[in-house]
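This report describes one structure, shown below. The account begins with a single residue and then widens to the whole chain.

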Amino acid sequence: MEKSTFEQMGGTYRHEGDYLLPNLTVPESVPVATPEAVSV
């Protein structure tokens, strides 16, 4: 089977039950907005 674009870019997967899920992480240098930080 041919590698997906995700795998070609260095991405990896893990098994969770019957599912194959991508291993995703958020770089520490990127701020993540929380509900408290978002003004309405």
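Gln 8 lies in helix 1, where helices (H or I, at least four residues) and strands (E, at least two) are DSSP runs numbered from the N terminus. Gln 8 is exposed, at a relative accessible area of 54%; buried means under 20%, exposed over 50%, and partly exposed in between (1.4 Å probe, protein chains only). Neighbours within four places in sequence left aside, Gln 8 is in contact (heavy atoms within 4.5 Å) with Glu 2 and Lys 3.

The model is predicted: local features need pLDDT of at least 70, side-chain atom pairs count only at pLDDT 80 or more, and totals for chains, interfaces and linings use all residues. Residues are numbered from 1 along each chain as its sequence is written, and side-chain values use heavy atoms, with hydrogens and water left out.

The chain has one helix and two strands, in the order α-β-β from the N terminus. Its mean pLDDT (the predictor's confidence in each residue, from 0 to 100) is 84, and 88% of the residues score at least 70. Among the elements, helix 1 (residues 5-8) has the lowest mean pLDDT, 90, and strand 1 the highest, 94. Where pLDDT is low, the predicted coordinates should not be read in detail.

Of the 40 residues in the chain, 2% are buried. The exposed area is about 4,200 Å², of which carbon and sulfur atoms supply 58%; accessible areas come from the Shrake-Rupley method with a 1.4 Å probe, and for residues only the protein chains shown count as cover.

Strand 1 (residues 13-16) and strand 2 (residues 19-22) are paired antiparallel over four bridges; pairing requires that DSSP find at least two bridges between two strands. Glu 16 is opposite Tyr 19 in strand 2. Two residues lie between the strands of this hairpin, and Gly 17 there has a positive phi near 65 degrees.

There is one aromatic pair in the structure. Phe 6 and Tyr 13 have ring centres 5.2 Å apart and planes at 65 degrees, so the pair is edge-to-face. Rings of Phe, Tyr and Trp (its six-membered ring) pair if their centres lie within 6.5 Å; planes under 30 degrees apart count as stacked, over 60 as edge-to-face and the rest as tilted.

One salt bridge is found in the whole structure, the term being a side-chain nitrogen of Lys or Arg within 4 Å of a carboxyl oxygen of Asp or Glu. Arg 14 and Glu 16 form this salt bridge through their side chains, at 3.2 Å from N to O.

The residues of these two side-chain pairs are listed with their exposure.

| Residue | Relative accessible area | Class |
|---|---|---|
| Phe 6 | 28% | partly exposed |
| Tyr 13 | 31% | partly exposed |
| Arg 14 | 35% | partly exposed |
| Glu 16 | 39% | partly exposed |
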